[in-house]
There are 2 protein chains.
Amino acid sequence: MEEETLYRSLRLPHRPEGKLVLLVLDGVGDIATAATGYRTPLEVAATPNLDELARASAMGRMIPVLPGITPGSGPGHLGLFGYDPALFRVDRGVIEALGVGIDLRTDDVAARANFCTVNAEGVVTDRRAGRIDSGLNRTLCQKLGSIGRIGETEVIVRRGRSHRFVVVFRGGGIAGPLPDSDPHGTGLPVRPIVAQSRERKVRKAAEVIARFYRQAMPLLAEDYPANSFLLRGIGSLPRIPGFEERFRLRAAAIAAYPMYRGLAQLIGMRTLKEARDIGQQFRQYLDELEGFDYFFIHVKGTDMSGEDGDFDGKVTVIEAVDQALPILLQKRPLVLAVTGDHSTPVALKSHSWHPQPVLLNSPVSGSDGLSRFTETCANRGSLGIFQSKYLIRLMMANAGLFAKFGA
Amino acid sequence: MEEETLYRSLRLPHRPEGKLVLLVLDGVGDIATAATGYRTPLEVAATPNLDELARASAMGRMIPVLPGITPGSGPGHLGLFGYDPALFRVDRGVIEALGVGIDLRTDDVAARANFCTVNAEGVVTDRRAGRIDSGLNRTLCQKLGSIGRIGETEVIVRRGRSHRFVVVFRGGGIAGPLPDSDPHGTGLPVRPIVAQSRERKVRKAAEVIARFYRQAMPLLAEDYPANSFLLRGIGSLPRIPGFEERFRLRAAAIAAYPMYRGLAQLIGMRTLKEARDIGQQFRQYLDELEGFDYFFIHVKGTDMSGEDGDFDGKVTVIEAVDQALPILLQKRPLVLAVTGDHSTPVALKSHSWHPQPVLLNSPVSGSDGLSRFTETCANRGSLGIFQSKYLIRLMMANAGLFAKFGA
């Protein structure tokens with residue numbers, strides 16, 4: 001029997017008798033190196049509340065996709081949400097468009113975009129146009145938005161932060177995916193968008209985007225350094241089963257960044273309003289408790305400090321989460337999982353393949369007799385090392401949502 | 001997406017910026033029993049150099065094929081080289097023929113052979129013919145080689161050590177696999193070779209080998225105790241993708257025994273000349289550094305002592321590797337994996353299914369804070385327990401050879 005079918009057949013009909021909470025400290029996993037005395041941020045951070053939780057929890061480590069594979073945030077989170085990231089692919093443009101609040105349709109093609117600088121020969125000299133401010137971004141997006149339509153296709157332009165924006169091409173028989181126009185380096189020309197498949201809708205989309213470029217470039221001619229733009233992650237809404245349908249859990253996302261809000265929306269989670277800080281995120285959980293069974297709470301800071309190579313910064317974010325934790329525990333979740341979507345080691349300044357630690361706490365999680373939520377403690381936990389896609393199954397089991405299999 | 005396709009799609013085009021080294025201590029894994037005070041050879045051995053390496057490494061244990069399955073050397077090594085041993089089957093005759101330097105072709109059928117003793121009734125009384133010396137072996141192989149041809153099929157006979165030799169049947173529309181003529185016990189007759197499939201080429205091969213036996217037996221009639229011979233592992237070259245094509249790594253094998261040289265050649269690794277001892281093997285690595293990206297270094301002694309039930313012998317081999325290790329580290333590999341192809345516990349005197357310990361060291365491996373390369377330390381490592389076929393993916397990830405998956 002296929003795994004998904006088996007799990008589905010065992011799902012008991014009742015709602016959980018408490019809340020399931022997935023607390024994601026993005027990129028929290030790290031590696032111990034000589035440079036930091038062989039200690040990781042989780043090991044250095046003072047975390048009395050997490051320590052207390054750890055003593056009553058099961059622990060382990062998770063492989064986001066497959067051994068050795070470093071995931072982007074999309075695959076990393078899809079795994080946590082119980083979707084095999086090797087089977088469900090989502091283009092970044094789609095995630096970003098959802099995240100900025102565009103209600104994508106099946107005949108849309110969405111792209112992440114950023115303003116860039118090109119020289120007289122059309123060669124990219126700055127991929128971020130000197131990180132222009134959001135005010136200029138607004139003006140430029142209005143110019144591009146004025147194009148409005150390419151043939152039968154509507155063009156929607158939505159500004160983001162700094163040099164970033166999103167473009168959605170709507171209708172007229174188009175489909176993704178398409179390769180990036182971003183050459184991913186300076187000294188190279190903006191790449192023409194060429195369909196990689198012979199599918200008619202994809203070729204049509206490539207034509208539409210080429211025409212959009214031709215109309216847009218003259219509009220930006222005077223706006224040096226933001227005199228061009230790059231498109232990335234161009235794609236259409238994937239066919240992906242909804243979270244509530246798949247797991248029979250009403251789910252809410254408490255996440256500030258568009259990417260994670262978009263991911264949650266993609267699988268039908270309700271996104272709550274953006275919170276100011278971790279404490280407020282936890283208070284949103286308290287406030288919205290009645291309406292949902294499952295809460296995805298996303299903390300970005302750990303990943304950002306990891307990417308910046310900022311060991312102390314990562315420690316600080318972990319400690320801030322720890323200090324706010326009692327708020328969450330005021331109405332203690334029935335099942336609480338604390339983990340990352342992947343590791344972002346300070347030494348690498350990037351996402352990595354190293355399995356991230358996970359802590360699972362419930363009245364029936366058992367305790368592994370470990371004193372802290374760290375990588376080395378997690379190595380010795382009862383959950384072992386497993387693929388992230390199974391985490392939700394463990395959470396559901398801990399919530400008493402599965403029948404016994406067989407007699 | 002299929003795993004292999006996913007990994008392939010993420011392989012970055014560049015060569016690694018250092019060397020990947022797989023150091024195989026054949027059968028190094030062991031089990032702790034009361035008879036040896038619950039200590040394994042790795043635990044008893046004095047290994048200051050491996051200890052130092054361990055402190056800066058990630059560790060874990062590997063399942064060669066599937067839980068409970070004891071692999072032969074072929075499947076054991078195919079796993080280490082990144083080929084699922086359940087999918088890629090290689091007959092032992094093929095490996096041995098390659099190992100003794102026969103350049104096998106697709107229309108060859110190869111067999112391991114050894115001289116044996118049969119009585120007047122054709123019953124095997126000694127499966128190794130009293131382990132005759134290599135001089136007599138040479139003479140007997142010349143006799144068999146004089147047969148030269150069976151119909152359209154060329155017969156190539158190549159002597160090995162002691163009572164062992166290899167026979168290759170070439171051309172004439174033949175193919176393997178065929179069952180052994182070896183009854184795998186004394187008191188039984190030499191088995192007639194009978195095709196297990198209806199395939200024409202396989203049936204033809206069985207006929208050719210039967211005719212070979214009829215012509216060969218009279219030639220050996222006077223050579224008691226070596227008056228017959230047994231064939232094993234009869235097969236043809238499998239379709240197996242080359243290592244360089246599969247992983248885009250130029251690979252060299254530093255191995256003394258024909259079996260391991262044959263395995264390496266099968267997947268297109270270059271085999272370097274046979275070295276005298278472990279120190280010389282490591283010096284070959286230093287000498288040949290420029291030409292390759294990946295080195296497979298094979299140490300046989302650990303397995304041999306395990307098979308002999310020689311605990312102290314196994315300790316001695318491990319200590320010899322440890323003492324020679326600084327030679328290898330003179331030009332430190334970017335990624336170094338130390339492991340076995342399986343366990344060969346002294347208490348079992350045979351290969352076993354017990355997961356073998358593995359140590360993975362690179363600038364980005366991280367450290368698990370463990371002090372020694374032993375079974376019990378490995379149990380607590382960040383790599384967990386995983387199938388051997390993933391080791392090369394972890395080595396490649398540590399060498400920075402994979403792009404991020406998804407955005």
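Helices here are DSSP runs of H or I with at least four residues, strands are E runs of at least two, and both are numbered from the N terminus. With that in hand, P177(B) can be placed in the loop between β7 (164–170) and α7 (200–220) of chain B. What you're looking at is a predicted model, and that loop is a good spot to start. The peptide bond from G176(B) to P177(B) is cis, with omega near 0°. Chain A has a cis peptide bond too, joining G176(A) and P177(A), with omega about 0°. P177(A) sits in the loop between β7 (164–170) and α7 (200–220) of chain A.

Now step back to the layout of chain A. Its domain assignment gives domain 1 as 3–90 + 241–398, and domain 2 as 106–235. Taken over C-alpha atoms, the centres of domain 1 and domain 2 of chain A are 34 Å apart.

Next, the big strand arrangement. Chain A has an open sheet of eight strands, and if you walk across it you meet β10-β9-β11-β1-β12-β13-β2-β14, with mixed pairing. The walk starts and ends at the edge strands β10 (270–271) and β14 (384–387) of chain A, each of which pairs on one side only. Stop partway along, at β12 (residues 335–339) and β13 (residues 356–361) of chain A: these two run antiparallel and share four bridges. If you want a register mark, T339(A) stands opposite V358(A) in β13(A).

There's another strand pair in chain A to look at. β3 (residues 108–118) and β8(A) pair in the antiparallel sense, this time over six bridges. Here the register mark is R112(A), whose bridge partner in β8(A) is R232(A). β8 (residues 228–235) of chain A is mostly covered, with seven of its eight residues buried. As a reminder for reading any of these pairs, strands of a sheet pair through backbone hydrogen bonds, either parallel or antiparallel.

Back to a helix, α10 (residues 278–288) of chain A. Which of its residues are buried? They are I278(A), Q281(A), F282(A) and Y285(A). Those residues span an arc of only 95° around the axis, so they end up on the same side of α10(A). Turn to the face pointing away from that buried side and you find the exposed residues L286(A) and D287(A). As for the cover over the buried residues of α10(A), it includes β1 (20–25), β9 (251–254), β11 (294–299) and α12 (311–329) of chain A. Three of those names should ring a bell from the sheet walk, where β9, β11 and β1 turned up in the strand order.

Over in chain B, try a helix pair. α5 (residues 92–99) and α9 (residues 258–266) of chain B pack at an angle of about 95°, their axes 7 Å apart. At that angle, α5(B) is roughly perpendicular to α9(B). On the α5(B) side, the contact is made by I95(B), E96(B), A97(B), L98(B) and G99(B). The α9(B) side brings P258(B), M259(B), R261(B), G262(B), L263(B), Q265(B) and L266(B).

V358(B) is worth a visit as well. This residue is found in strand β13 (residues 356–361) of chain B. Is V358(B) buried or exposed? V358(B) has 28 other C-beta atoms within 10 Å, so V358(B) is buried. Leaving aside neighbours within four places in sequence, the contacts of V358(B) are M59(B), G60(B), R61(B), M62(B), A337(B), T339(B), A378(B), L383(B) and L391(B). For a sense of distance, V166(B) lies 192 residues away from V358(B) in sequence and 34 Å away in space, C-alpha to C-alpha.

How do the chains meet? The contact takes 33 residues from chain A and 25 residues from chain B. On the chain A side, the elements giving two or more residues are α4 (73–80), α13 (375–379) and β14. α13(A) gives the most, with three residues.

Two backbone oddities round off the tour. S162(A), in the loop between β6 (153–159) and β7 of chain A, has a phi near 50°, a positive value in a residue other than glycine. S162(A) has 17 other C-beta atoms within 10 Å, so S162(A) is partly exposed. Y38(B), in the loop between β1 (20–25) and α2 (41–44) of chain B, has a positive phi of about 55° although Y38(B) is not a glycine. With 11 other C-beta atoms within 10 Å, Y38(B) counts as exposed.

Key
Residues numbered from 1 in each chain as written. Chains lettered and ligands numbered in written order. Predicted model: local features only at pLDDT ≥ 70, side-chain atom pairs only at ≥ 80, totals over all residues. Buried ≥ 20, exposed ≤ 12 C-beta atoms within 10 Å, placed from the backbone. Arc of directions from axis to C-beta. Contact = placed C-beta atoms within 7 Å. Domains from an automatic or database assignment. Pairing = 2+ DSSP bridges. Axes fitted to C-alpha atoms, helices over the stretch in contact; angles between N-to-C directions. Parallel < 35°, antiparallel > 145°, perpendicular 65-115°, else oblique.
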